[in-house]
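Me: Please take one close look at how the strands, domains and ligand site are laid out. Keep it brisk, and give me the cut-offs as you go.

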Amino acid sequence: MPSLLGTTVIEHLLTTQKAHPEATGAFTRLLSELIVAAKIISREVNKAGLVDILGYAGRENIQGEQVQKLDEFAHRTIVERMAHTGELCAMASEEDPDIIPIPERFPRGNYVLIFDPLDGSSNIDVNVSIGTIFSIYRRVTPMPADPTLEDILQKGSKQVAAGYFVYGSSSMMVYTSGSGVHGFTLLPSIGEFLLSHENIKIPERGRTFSVNEGNYNYWSDEVKKIVSYFKTPDRETKRPYTGRYIGSLVADFHRNLLHGGIFMYPPDKKDPKKPLGKLRLMCECNPLSFVVEQAGGYASTGFQSILDLEPKELHQRVPLYIGSKEDVLIAEQFIKGEGES
Ligand code: P6P
C-alpha cells in the first residue's frame with residue numbers, strides 16, 4: 001500500500017509536463033479529468049453488488065453484445081466529463097458506433113480520446129476485476145473544421161498517451177505518455193491515485209500464457225502449435241508455462257505486465273462475423289500495445305506489430321499476441337510457419 005506521502009498522479013503528470021517546455025498543460029488537464037471519471041466509475045463498480053446497477057441495460061452495443069448497466073454508466077460518465085474539458089475535438093467509444101463530437105457549447109481542443117469504458121463487463125456480477133482502457137492522439141485535420149474519421153483512425157504508433165484503470169481488489173491506473181510506464185494505486189480514504197509502480201518493465205520472457213482454450217477446435221494449426229509449445233516442459237527449466245485466463249483483458253494484461261507472460265486472442269472460426277478474433281484495434285489493442293512496448297514488451301497481430309497497423313474501421317477487430325517480447329516473437333514464428341515445436 002502506498003504511503004500517504006506518496007506522489008500523486010497529478011504531481012507525476014506536472015513533473016512530466018515540466019520536462020517538456022513546449023507543453024501547454026492541455027494534456028495534464030485532459031488526463032486529470034479522465035482520472036475524475038475513473039474515480040466515479042470505480043466507486044460504482046465497487047458498490048455494484050449492493051445496488052441495482054448490475055444486470056443488463058436491455059440493449060445491444062455496436063458489437064452486438066448485451067450492454068451492462070455499468071457499461072452504460074461508465075460510457076456516459078467519460079463522455080459527459082471529457083466533453084467540457086476544452087481539450088478534445090472528438091471521442092470514440094467501444095459503446096458507440098460513430099465518432100462522438102464535442103457539443104457546440106464547449107470549446108474544442110487538439111486531442112482525440114478513444115476508449116473502452118468498461119472492458120470485461122461480462123465479469124461484473126461475479127466480482128472479477130474489470131477496467132477502462134484509453135488512448136489519446138493529437139488531431140490531424142486543421143482547426144476549426146469539424147473533426148473527421150481521419151482524426152480517429154490513426155496508427156497506434158501515433159498515440160501520445162495510453163493506459164488503463166483496473167477496478168479490482170484495489171483500483172489502479174497504469175499509463176504511458178512515451179516516457180515509460182507508471183502505475184498508481186487509488187487510496188480510497190483520500191481519493192487519490194498514488195505512485196506505486198514507477199517505470200514498470202515487463203520481463204523479457206514470462207512463465208504464463210493466457211488464452212481461451214475453449215476455442216481450441218476453432219483455431220488454425222499454427223495457433224494450436226503455439227499453445228502446445230507453451231504447454232511443453234521447457235528444455236532448460238523442464239517446466240511448462242502456467243496457464244492463466246481470467247477472461248477480463250485488463251486483468252490478464254496487468255498480471256502479465258507485472259510478472260511476464262503472453263496474452264493471446266487469436267483468430268478463430270467460432271463466429272463468422274469475427275474471423276480475426278474478438279478484440280478491437282482502436283480501443284483495446286492499440287492502447288495496451290503502446291503500454292507494453294513502453295515497458296519493453298511487444299504486441300503483434302501474429303504477422304506484424306499492432307502499432308504499425310493502418311486502421312480501416314473504427315471498430316475493426318484484430319488478432320492479438322501481447323506481452324513479454326520473447327514470448328510474442330515465439331508466437332509470431334509459429335504463425336509464420338517458422339516455429340520449432
Ligand atoms: P472470451 C471481455 O468481454 C473481453 O472483451 C475481454 O475483456 C476479454 O479478454 C475477452 O473478451 C474474453 O473473451 O471469448 O475468451 O470470453
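Reply: Eight strands make an open sheet with mixed pairing, and the order is β4-β3-β5-β6-β7-β8-β9-β10. Strands here are DSSP runs of E of at least two residues, numbered from the N terminus. Two of them pair if DSSP finds at least two bridges between them. The edges are β4 (100–101) and β10 (192–197), each pairing on one side only. Inside the sheet, β8 (residues 171–176) runs antiparallel to β9 (residues 181–187), joined by 5 bridges. One partnership across that pair is Met173 with Phe184 of β9.

This is a predicted model: local features need pLDDT of at least 70, side-chain atom pairs count only at pLDDT 80 or more, and totals for chains, interfaces and linings use all residues. Residues are numbered from 1 along each chain as its sequence is written, and side-chain values use heavy atoms, leaving out hydrogens and water.

A second open sheet has 5 strands in the order β12-β11-β13-β15-β14, again with mixed pairing. Its edge strands, β12 (242–243) and β14 (298–300), each have a single partner strand, so one side of each lacks a neighbour in the sheet. Here β13 (residues 262–265) pairs with β15 (residues 320–323) in the antiparallel sense, over 4 bridges. Met264 stands opposite Tyr321 in β15.

Now the domains. The assignment gives domain 1 (9–197) and domain 2 (208–335); such bounds come from an automatic or database assignment. Their centres, taken over C-alpha atoms, are 23 Å apart. In domain 1, 47 residues are in contact with 33 residues of domain 2, contact meaning heavy atoms within 4.5 Å.

Both domains also supply the ligand shell, with at least three residues from each. A residue belongs near the ligand if one of its heavy atoms lies within 4 Å of it. Among those around the ligand are Ser122, Tyr245, Phe263, Lys278 and Glu284. The shell divides into 4 nonpolar, 5 polar and 3 charged residues. Ala, Val, Leu, Ile, Met, Phe, Trp, Tyr, Cys and Pro count as nonpolar, Asp, Glu, Lys and Arg as charged, and the others, Gly among them, as polar.

Polar contacts are pairs of N or O atoms within 3.5 Å. A polar side-chain atom of Asp119 lies 2.5 Å from a ligand oxygen atom. For the side chain of Tyr265, the distance from an N or O atom to a ligand oxygen atom is 2.6 Å. For Asn212 it is 2.9 Å. The protein covers 85% of the 400 Å² of accessible area that the ligand has on its own, by the Shrake-Rupley method with a 1.4 Å probe.

Definitions and conventions: A polar contact is a pair of N or O atoms within 3.5 Å; within protein, one must be able to donate a hydrogen and the other to accept it, and residues adjacent in sequence count only if both atoms are side-chain atoms.
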